[in-house]
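With the model open in your viewer, please set the display to show side chains as sticks, and follow the stops below in order.

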Amino acid sequence: MAKFKIKEKTGGSNRSWNLSDQTAEAGTFPGILLDILDNDEVLVKDFNNPGEMLERDVTRFLFAFTNDEGETCLSMTGEMTQSADERSNLVKLLTAIRGKLPPLGDPDYDYCDEIGKKVMVTINTRKSKLGKEYGYVQSVAKISKKLEDDVPSITTAVPGDRRSPIPDWISEEDEEPVKMDKPAKKKATKKKQDDDEEDPF
């Protein structure tokens with residue numbers, strides 16, 4: 001099985017970004033893969049053996065998107081196992097971002113280089129155990145050329161600082177600092193072994 005090459009990470013080691021100030025908002029919007037957060041050797045639930053835990057290398061993707069009011073919002077995927085298996089949720093998500101299967105057999109392929117890719121992001125909502133509603137990335141798809149200009153900047157502020165560097169392929173013009181707009185006001189599956197959350201993307 002192919003093994004992904006991961007770049008050195010920066011900005012902390014938490015397993016998610018603090019998006020508590022983001023308002024839950026369902027819909028499909030023009031967006032950009034803003035950041036990636038990898039964590040190695042973490043304990044996750046073993047779905048085949050309730051009550052037991054497994055050690056996994058995991059990852060989570062953060063997207064910035066422009067809502068219907070033209071404001072920049074953030075949402076993230078569920079946590080995914082760092083797996084190069086074509087059936088894994090990570091490979092399915094990378095395939096959706098790229099529009100084709102990633103080069104799984106290339107030892108130099110780094111999925112962090114997908115940061116900056118423009119896509120259509122579908123956001124859904126759910127309630128936490130504490131009853132708070134929040135949004136999460138349900139899926140991504142190819143974006144049309146006419147909507148690419150509506151995508152937020154790659155330099156949109158990342159809560160707690162960026163965890164992965166901006167790839168070298170992104171031009172300096174695209175890296176001019178941009179502050180994130182205030183989040184918009186709210187409008188009125190079965191788990192798999194390779195992931196520890198429902199609907200990871």
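Begin by selecting Arg98, which counts as partly exposed at 25% relative accessibility, and bear in mind throughout that the model is a predicted one. From Arg98, turn to Glu114, whose side chain meets that of Arg98 in a salt bridge with an N to O distance of 2.9 Å. Because Arg98 belongs to helix H1 (residues 89–98) while Glu114 sits in the loop between H1 and strand S5 (118–127), this pair ties together parts that are 16 residues apart in sequence. Glu114 itself is buried, with a relative accessible area of 2%.

Next, select Arg15, Arg60 and Glu79 together, since these residues are joined into one network by salt bridges that share partners.

Then move to Asp85 and Arg87, where the side chains again form a salt bridge, at 2.9 Å from N to O. Colouring by accessibility will help here: Asp85 counts as partly exposed at 23% relative accessibility, whereas Arg87 is exposed, with a relative accessible area of 65%.

For the last stop, select Arg162 and Asp35, whose side chains meet in a salt bridge of 3.8 Å, N to O. Arg162 lies in the segment after strand S6 (133–141) and Asp35 in strand S1 (residues 27–45), so the contact ties together parts that are 127 residues apart in sequence. Are these two partners, Arg162 and Asp35, buried or exposed? Both of them are buried.

If you wish to display every such pair at once, the count to look for, with a cut-off of 4 Å between side-chain nitrogen and carboxyl oxygen, is six salt bridges.

How values were computed
Residues are numbered from 1 along each chain as its sequence is written. This is a predicted model: local features need pLDDT of at least 70, side-chain atom pairs count only at pLDDT 80 or more; totals for chains, interfaces and linings use all residues. Side-chain values use heavy atoms; hydrogens and water are left out. Helices (H or I, at least four residues) and strands (E, at least two) are DSSP runs, numbered from the N terminus. Buried means under 20% relative accessible area, exposed over 50%, partly exposed in between (1.4 Å probe, protein chains only).
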